[in-house]
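Open the model in your viewer and show it as a cartoon. The stops below tell you what to select and what you will find there.

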Amino acid sequence: MKKVLVVEDEQSIATLLQYNLEQAGYTVYIARDGNTAISMTLSEEPDLLLLDIMLPGMDGMDVCRRLRQEKIHTPILMLTAKGDEFDKVLGLELGADDYLTKPFSPREVLARVKAILRRIELQDSVQAKELEEELSNGSLLVHPDRIEAFLDGSPLELTPKEFELLLYLMRHSGKVLHREQLLNAIWNYDYTGDSRIVDVHISHLREKIEPDTKSPVYIKTVRGFGYKFEEVTN
């Protein structure tokens with residue numbers, strides 16, 4: 001039975017989420033603040049966090065940042081009452097897997113939770129079957145089985161999603177990849193036309209691997225279609 005940690009200080013929302021998740025077969029834990037969320041993540045080892053941004057004390061952004069800094073890659077679905085795009089983008093940049101803006105329906109929450117967990121299961125299955133040898137392109141070197149990437153011999157500090165994206169791009173180098181294809185491959189479901197999550201991750205990946213982000217060598221933009229990972233020779 002999958003375990004979900006709900007980090008929400010509003011009693012009514014926490015109760016609603018707990019009821020619907022338990023009805024769907026999940027084991028649910030509740031944390032009311034950021035510090036408790038971190039300690040419960042360490043002690044209970046949940047399969048997913050439902051993390052509200054607006055929390056007393058340490059907010060959801062700081063919780064996400066702390067967990068990722070500690071190399072804890074538990075999937076995070078952020079919940080926010082704010083409609084500001086900045087908050088959504090910042091959450092994704094810090095390592096969240098997805099976000100939902102309040103008010104939301106329990107059905108939508110369950111759909112997102114199932115999709116994220118399904119993607120993780122598929123990813124684990126693929127990795128177990130395909131412990132590939134290293135991939136190289138130009139000055140880039142990636143070890144899929146060790147989840148390590150290097151540029152000019154120096155290790156790259158990539159978020160889980162950035163690593164997945166880089167690996168997918170390198171596996172499909174030379175091909176034009178539509179944003180929708182990347183959404184489905186990396187996030188495993190349709191964002192209903194919202195492709196900004198792809199652009200955000202591409203932008204941050206470029207900052208880490210491109211000598212000049214304004215004139216990228218590896219990740220080319222194909223206007224009107226998506227992106228292409230160029231085959232580069234040293």
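Which residue in β8 is the bridge partner of L140? Select L140 and look across to β8: the partner is L151. Keep in mind throughout that this is a predicted model.

**Stop 1: the strands around this pair**

Select residues 140-143, which form β7, and residues 148-151, which form β8. These two strands run antiparallel and are joined by four bridges. Strands in a sheet pair through backbone hydrogen bonds, and the pairing may be parallel or antiparallel.

Now widen the selection to the whole sheet. It is open, has four strands in the order β6-β7-β8-β9, and its pairing is antiparallel. The edges are held by β6 (135-137) and β9 (154-155); each has a single partner strand, so one side of each has no neighbour in the sheet.

**Stop 2: the helix across the sheet**

Next select residues 160-171, helix α6. This helix lies across β6, β7 and β8, and runs at about 110° to β7.

Within α6, pick E162. Is E162 buried or exposed? Its relative accessible area is 4%, and because the cut-off for buried is under 20%, E162 counts as buried. Show its side chain: it reaches the backbone nitrogen of T159 at 3.0 Å. Setting aside neighbours within four places in sequence, the residues in contact with E162 are E157, H201, H204, L205 and K208.

**Stop 3: two helices packed together**

Add residues 196-209, helix α8. A pair of packed helices is described by the angle between the axes and the distance between them. For α6 and α8, the angle is about 80° and the axes are 10 Å apart. At that angle, α6 is roughly perpendicular to α8.

To see the contact, colour K161, E162, L165, L166 and L169 on α6, then H201, I202, H204, L205, K208 and I209 on α8. By type, the residues of this contact divide into six nonpolar, two polar and three charged.

**Stop 4: the other sheet**

Move on to the open sheet of five strands, with the order β2-β1-β3-β4-β5 and parallel pairing. Its edge strands are β2 (27-31) and β5 (98-101), each of which pairs on one side only. From one strand to the next, the twist averages 20°.

Select β3 (residues 48-52) together with β4 (residues 76-80): four bridges join these parallel strands. Find L51 and its bridge partner in β4, M78. Two helices can then be added to the view. Helix α1 (residues 11-23) packs on the sheet and touches β1 (3-7), β2, β3 and β4, with its direction at about 165° to that of β2. Helix α2 (residues 34-44) also packs on the sheet, touching β1, β2 and β3, and its direction makes about 150° with that of β2.

**Stop 5: one covered strand**

Finally, keep only β4 in view. Which way do its residues point? I76, M78 and T80 point one way, L77 and L79 point the other way, and all are buried. The strand is mostly covered, with five of its five residues buried. As a last selection, take I76 and L49, which are bridge partners.

Definitions and conventions. Residues numbered from 1 in each chain as written. Predicted model: local features only at pLDDT ≥ 70, side-chain atom pairs only at ≥ 80, totals over all residues. Heavy atoms only, no water. Buried < 20%, exposed > 50% of the residue type's maximum accessible area, 1.4 Å probe, protein only. Polar contact = N/O pair within 3.5 Å; in protein donor to acceptor, adjacent residues only side chain to side chain. Contact = heavy atoms within 4.5 Å. Pairing = 2+ DSSP bridges. Axes fitted to C-alpha atoms, helices over the stretch in contact; angles between N-to-C directions. Parallel < 35°, antiparallel > 145°, perpendicular 65-115°, else oblique. Nonpolar A, V, L, I, M, F, W, Y, C, P; charged D, E, K, R; others polar.
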